[in-house]
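Visitor: Hello! Could you walk me through this structure, one question at a time?

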Amino acid sequence: MELTIKVICNNLPGAEFDDDAKGLHYRDVHVGIQRGEDVIETVRGDSKTAEFAPVFKVAELPGGAANFLGPFAKGTKDQRFFYLSWGELGKNNIFRMFRRAKIHLSHLKWADVERAAKANSALTVHLSLTDHCGWPLCASVKPPYVKWDI
């Protein structure tokens with residue numbers, strides 16, 4: 001079976017970013033979704049919203065958990081996630097990643113995943129992409145920055 005996850009992002013941090021800890025200034029900041037090792041569907045960091053719709057193959061694991069497979073899936077079968085990646089869009093539209101946000105999937109129950117997949121309906125996740133410092137959200141994303149509609 002296949003399942004689409006509709007990723008709705010708001011509160012993007014802007015197209016420029018100063019990393020004071022590293023003394024770096026980023027220009028033309030974009031966010032995209034990681035497919036394999038490539039970052040695709042990039043959206044400029046000062047956009048009002050960004051939306052992605054990755055498709056995963058799904059299967060039930062022992063104990064009622066869901067396994068997510070395919071080019072967007074990362075991690076072990078017990079700790080699946082996908083990445084939203086931040087980077088600069090430079091010359092010749094080359095994306096240079098500088099950080100990424102990990103969106104966890106393993107907490108999703110097989111019953112919910114199976115119901116959505118059989119109905120050909122997407123599960124939706126809402127993300128606020130600016131962290132408490134005003135920077136592009138990164139690392140493992142937790143509430144209040146993430147909310148699932150199941």
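Visitor: What kind of link do the side chains of E114 and K118 form, and at what N to O distance?

Guide: Welcome! This is a predicted model, where local features need pLDDT of at least 70, side-chain atom pairs count only at pLDDT 80 or more, and totals for chains, interfaces and linings use all residues. Residues are numbered from 1 along each chain as its sequence is written, and side-chain values use heavy atoms, with hydrogens and water left out. The two side chains meet in a salt bridge (a side-chain nitrogen of Lys or Arg within 4 Å of a carboxyl oxygen of Asp or Glu), and for E114 and K118 the N to O distance is 3.3 Å.

Visitor: How far apart are E114 and K118 in helix α1, in helical turns?

Guide: Helices here are DSSP runs of H or I, at least four residues, numbered from the N terminus. E114 and K118 sit four residues apart in helix α1 (residues 110-118), so their separation is about one helical turn.

Visitor: Is K74, the salt-bridge partner of E37, buried or exposed?

Guide: Buried means under 20% relative accessible area, exposed over 50%, and partly exposed in between (1.4 Å probe, protein chains only). E37 has 69% relative accessibility and counts as exposed. K74 has a relative accessible area of 14%, so K74 is buried.

Visitor: Which residue does R44 meet in a salt bridge at 2.5 Å?

Guide: General chemistry helps here: side chains of opposite charge can pair when their charged atoms come close. R44 has 35% relative accessibility and counts as partly exposed. Its salt-bridge partner, at 2.5 Å from N to O, is D28.

Note on methods. Helices (H or I, at least four residues) and strands (E, at least two) are DSSP runs, numbered from the N terminus.
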